[in-house]
Amino acid sequence: MLKLFEKNTVFQVAFIIVAIVLLWFEAFSEPQPMTPAGHFAPLYDLLCSLSLSPTLSVAIAMAMVAVSAFLFNLMLTRAGLASQNSLLPTLLFIVAASACSPSLSPSLIASLLTIAVVNLLLVRGSLLTVTSDKIFGAAALIGIASMVYLPSLTLIVAYLLIAINYRLYSWRDWMVFLLGLLAPYLTLWSVLLFTDGLLPSFDDMALDFASIDLTLGTFTTLQAVANGFLVLVFAFSLFIVGRRMGEKTVVWQKNATTVMLITVAALAMLPLGEVFPVNMQFFAIPFAFCVTQRLGLMPHVSLATRRTNWRSHLYDLLLILTVIAAILC
């Protein structure tokens, strides 16, 4: 089946459509309203003020995931991190982002904005660094994402590691990042200053970061097993990709590291929400990339090697089980 994902575009599109239907069937059968912010989220609160119907909220969430998955696939292709003929990253991104998405939520929107952040921090050609305008843009997007979902500020941790990877040590690079991060907040604070909401907003932000706690959500045994399976698949794939990075070019290593470091931000968010079941939305970017690379290591089928043929079937089974686990979550 994975061979078809390398060659047959019609099969890929059909498989992705079927996966989307299965992943979102329950959400449409019992549509839920938009998830409450639960954190300081002025932009998301503005969206909530529109009072969207539950069905429309689910439809918008599904459409955002599908479109973002395609753009993510396009981003990987342009950066040389995925095959031009494969839509496997699209499928796996949809799987991760849809696993815990009954409706439109602040974490979902913020996680999709992260794609644009990563896109700005990828290098193209032989220039192994990031220009100032892209640093400013990435920082501004992090600020905007945090206005939708405040824990998104943990993306700063990922950026710091990415900056080390690109050796962005100059004071100019740090100032550009700081100005980019503050740009959306300066606009927000200017508005709140004239509506007497500035000081309460500081209190809300401080309260959010003071409420760090390791909590468990509600889940059934089946949901726990399914979520744990997705986490294990991702962890194993992350380890394999990291171990074999030395076989790739320097540009590929730089870009792959940028994508994978989003995992650090996603892990840092866990104490600000539910530790388990793990919300796979912020893991969707590194999950889709690493699992795609892991499945790309599938051995070529040889008529003379029966063991290799069985291994290829195991890779197919792993992909199917990953989709099923996301459905069961």
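**Exercise 1.** In this predicted model, helix α4 (residues 54-78) and α6 pack against each other at an angle of about 15°, with their axes 10 Å apart; work out how the two helices are oriented to each other.

*Solution.* Begin with the angle between α4 and α6, which is about 15°. Next, recall that angles under 35 degrees count as roughly parallel. The helices α4 and α6 are therefore roughly parallel to each other. To complete the description, add the handedness: the crossing of α4 and α6 is left-handed.

**Exercise 2.** Decide which residues of α5 are buried, and explain why this helix can be called largely enclosed.

*Solution.* The buried residues run through Leu88, Pro89, Thr90, Leu91, Leu92, Phe93, Ile94, Val95, Ala96, Ala97 and Ser98. Compare this list with the extent of the helix, which covers residues 88-98. Because eleven of the eleven residues of α5 are buried, the helix is largely enclosed by the rest of the structure.

**Exercise 3.** Describe the largest pocket by its volume, its central residues, the helices that contribute to its lining and the character of that lining.

*Solution.* Start with the space, which amounts to about 1200 Å³ in the largest pocket. Then turn to the lining, made up of 42 residues, with Cys100, Ser101, Pro102, Glu274 and Asn279 lying nearest the centre of the pocket. At least two lining residues come from each of α2 (9-29), α6 (106-121), α11 (221-243), α13 (262-269) and α15 (306-328), and α2 supplies the largest share, five residues. Finally, sort the lining by type, which gives 23 nonpolar, 16 polar and three charged residues.

Methods. Residues are numbered from 1 along each chain as its sequence is written. This is a predicted model: local features need pLDDT of at least 70, side-chain atom pairs count only at pLDDT 80 or more; totals for chains, interfaces and linings use all residues. Side-chain values use heavy atoms; hydrogens and water are left out. Buried means under 20% relative accessible area, exposed over 50%, partly exposed in between (1.4 Å probe, protein chains only). Helices (H or I, at least four residues) and strands (E, at least two) are DSSP runs, numbered from the N terminus. On a 1 Å grid over the protein atoms alone, a cavity is a set of points where a 1.4 Å probe fits but cannot get out, and a pocket is an open set with protein on both sides within 12 Å along at least five of seven lines; lining residues have an atom within 4 Å of a point. Grid points are joined across faces, edges and corners, and a volume is the space filled by probe spheres set on the points. Ala, Val, Leu, Ile, Met, Phe, Trp, Tyr, Cys and Pro count as nonpolar, Asp, Glu, Lys and Arg as charged, and the others, Gly among them, as polar. Axes are lines fitted to C-alpha atoms, for helices over the stretch in contact, and angles run from 0 to 180 degrees between N-to-C directions. Angles under 35 degrees count as roughly parallel, over 145 as roughly antiparallel, 65 to 115 as roughly perpendicular and the rest as oblique. A crossing is left-handed if the near helix is turned anticlockwise from the far one by less than a right angle, and right-handed if clockwise.
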